[in-house]
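Open the model in your viewer and show it as a cartoon. Keep the sequence panel in view, and follow the stops below in order.

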Amino acid sequence: MSRAKLLLLASFLAPMGASPVLAAATARDVAMKTSQNFSDHAVVPKTLIGAWTLVRCDNVYPDGHRVELYGPHPEGMWLIDAQGDYMMQIVRAKRMPFAVNDKSKGTPDEYRAASMDSNAHFGHVSADAKVMHTQILHASFPNWDGKSGESGYTINGDELTYRVAKPSSGAAEGAHGEVVWRRVHS
């Protein structure tokens, strides 16, 4: 993993309570583990490589109604490099700050909102023409740590859409996730 990716990963991990030095060491360990686990990287289509910004992240229920998981106009970024290493973060556009400017002194409601209003993970992605394969190394939702999955995807122009068969919420009611990203042009 490149130095730039390590620094980006360290900046992602640092707000989670680790010191920048510890975060950098953790990022280095993850990079080494990633290299060992994915030494034979699968194909990453050139159409996936790059930066993507979030358009929508919804649950779609059997009757067709949608629930905007992160409210209207959620924000997010998905970065995918040529080896398929990725980092993704999604947040609700309007979030309430903690009353006290100390992350360790939040109320139960503040912690719940902070958890429900964001989603972040990193790992490896590959794809063929119709199916995307992901291996999540670590996620803000700990139940996803180490999980792998597949989902159908389409790219139309600069928009990438994929379906999540069993989202982290709503799956018991028969919902599937639908996530849409737009390519960022520099």
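Start by selecting Gln 89 and Ala 120. Ala 120, in β5, is the bridge partner of Gln 89. This is a predicted model, so read every stop as a feature of a prediction.

**Widen to the strand pair.** Select residues 85-91, which form strand β4. Add residues 118-127, which form β5. How many bridges join β4 and β5, and in which sense do they pair? The pairing is antiparallel, over 7 bridges.

**Cross to the next strand.** Now select residues 131-139, strand β6. β5 pairs with β6 in the antiparallel sense, again over 7 bridges. Show Ala 127 and Met 132 as sticks. Met 132, in β6, stands opposite Ala 127. Then look at the link: β5 and β6 form a hairpin, with 3 residues between them.

**Colour β5 by accessibility.** Is β5 mostly covered or mostly open? Mostly covered: 9 of its 10 residues are buried. Two of its residues deserve a stop.

**Stop at Ser 126.** Ser 126 belongs to strand β5. Buried or exposed? Ser 126 counts as buried because its relative accessibility is 7%, and the cut-off for buried is under 20%. Next, display what Ser 126 touches. Leaving out residues up to four places away in sequence, its contacts fall into two runs:

- Ala 42, Val 43 and Val 44
- Val 131, Met 132 and His 133

Met 132 has already appeared on this tour, opposite Ala 127.

**Stop at His 124.** Select His 124, also found in strand β5. His 124 has a relative accessible area of 4%, so this residue is buried. Which backbone oxygen does its side chain reach? Draw the distance to Gln 83: the side chain of His 124 reaches the backbone oxygen of Gln 83 at 3.3 Å.

**Zoom out.** Clear the selection and colour by secondary structure. The protein has 3 helices and 9 strands. Walk along the sequence and the pattern reads α-α-β-β-β-β-α-β-β-β-β-β.

Switch to the surface. Its accessible area is about 11100 Å², and carbon and sulfur atoms hold 57% of that. Of the 186 residues in the protein, 35% are buried.

Finish with a contact map. Take the contacts with a separation of 6 or more: 52% of them join residues 24 or more positions apart.

Note on methods:
Residues numbered from 1 in each chain as written. Predicted model: local features only at pLDDT ≥ 70, side-chain atom pairs only at ≥ 80, totals over all residues. Heavy atoms only, no water. Helix = DSSP H or I, 4+ residues; strand = E, 2+ residues; numbered from the N terminus. Buried < 20%, exposed > 50% of the residue type's maximum accessible area, 1.4 Å probe, protein only. Contact = heavy atoms within 4.5 Å. Pairing = 2+ DSSP bridges. Polar contact = N/O pair within 3.5 Å; in protein donor to acceptor, adjacent residues only side chain to side chain. Areas by Shrake-Rupley, 256 points an atom, 1.4 Å probe, with all protein chains shown as cover.
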